[in-house]
Amino acid sequence: GATESPMDPGDSRPTQGIMADLDWKEFAPSVFEEARRADRPVLLVLTKQWCPHCRALLEESFCAPEVVRLCRDGWIPVHVDAERRPDVNERYGTGAWPTMAYLTPGGELLSQDRFLDGVGLADRLQKIARYYGEHRDEIEMVDLPLSFASGSAGYIFNDGPDPVGNSADEEEQPGEGDFMSPTDPPSNDNS
């Protein structure tokens, strides 16, 4: 009926009826091992059960045929209930839901988005996958501390606007030190 939640309260992943076309994973180290073996970035989707935009993202945007194709061909999709995994939400979330975090196979944040319709999501998946593919070596040579990713909108985008159009931070202007280049690893200065 109209009052039923599309999400199973006992599982942090969507129920079969919502996105049966995608093989959604739970957030775990095995996801990143699989991503490394497959040489694919990870698409982490953080939602909350009560959120209508989250339901729309899961039921509509992720059901768009082009989004399904792109996810199957180039991404490891992971769904997390932000309330069940506050640790994952704190590290990769934007503070609003839904949040989509685009991650390297090493778990580093490439970019983030909030709600996107199917057309917008397909465009972002293509752009970020292409950017990751073209800059993989530079991106992967940076070994960032875990705490860095939690407050950043994407460490690789330091020179001007985000090359893949980071919509999660549209209203923010990056300040000095907000982003870093893969050629400028974090300082270990403990002074």
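At what angle do the axes of helix α4 (residues 65-74) and helix α6 (residues 118-140) cross, and within what distance do they come? In this predicted model, the two axes cross at roughly 25° and come within 8 Å. Since angles under 35 degrees count as roughly parallel, α4 is therefore roughly parallel to α6. The crossing in which α4 passes α6 is left-handed.

A look at the residues fills in this helix pair. From α4, the contact draws on Glu66, Val67, Arg69, Leu70 and Cys71, and these meet Gly118, Leu121, Ala122, Leu125 and Gln126 of α6. Sorted by class, the contact of α4 with α6 has six nonpolar residues, accompanied by two polar and two charged ones. Two packed helices are described by the angle between their axes and the distance between the axes.

It helps to place this pair in the whole protein, whose secondary structure comes to seven helices and four strands. Read from the N terminus, the order of the elements is α-α-β-α-α-β-α-β-β-α-α. Of the 191 residues in the protein, 47% are buried. Among contacts with a separation of 6 or more, 70% are between residues 24 or more positions apart.

The strands offer a second point of interest, with strand β3 (residues 99-103) as a good place to begin. This strand is mostly covered, five of its five residues being buried. In a regular strand the side chains alternate between the two faces of the sheet. In β3, Thr99, Ala101 and Leu103 point one way, while Met100 and Tyr102 point the other way, and all are buried.

Which strands pair with β3, and in what sense? Strand β1 (residues 42-47) pairs with β3 in the antiparallel sense, over five bridges. Strand β4 (residues 109-113) also runs antiparallel to β3, and four bridges join the two. Methionine 100 of β3 is a handy landmark for following both pairings. Valine 45 stands opposite methionine 100, and in β4 the bridge partner of methionine 100 is aspartate 113.

The hairpin of β3 and β4 has five residues between the strands. Within this hairpin, glycine 107 takes a positive phi near 90°. Taken together, β3 is a strand with five of its five residues buried, paired with β1 over five bridges and joined to β4 by four, while elsewhere in the model α4 and α6 come within 8 Å of each other along their axes.

How values were computed:
Residues are numbered from 1 along each chain as its sequence is written. This is a predicted model: local features need pLDDT of at least 70, side-chain atom pairs count only at pLDDT 80 or more; totals for chains, interfaces and linings use all residues. Side-chain values use heavy atoms; hydrogens and water are left out. Axes are lines fitted to C-alpha atoms, for helices over the stretch in contact, and angles run from 0 to 180 degrees between N-to-C directions. Angles under 35 degrees count as roughly parallel, over 145 as roughly antiparallel, 65 to 115 as roughly perpendicular and the rest as oblique. A crossing is left-handed if the near helix is turned anticlockwise from the far one by less than a right angle, and right-handed if clockwise. Contact means heavy atoms within 4.5 Å. Ala, Val, Leu, Ile, Met, Phe, Trp, Tyr, Cys and Pro count as nonpolar, Asp, Glu, Lys and Arg as charged, and the others, Gly among them, as polar. Buried means under 20% relative accessible area, exposed over 50%, partly exposed in between (1.4 Å probe, protein chains only). Two strands pair if DSSP finds at least two bridges between them.
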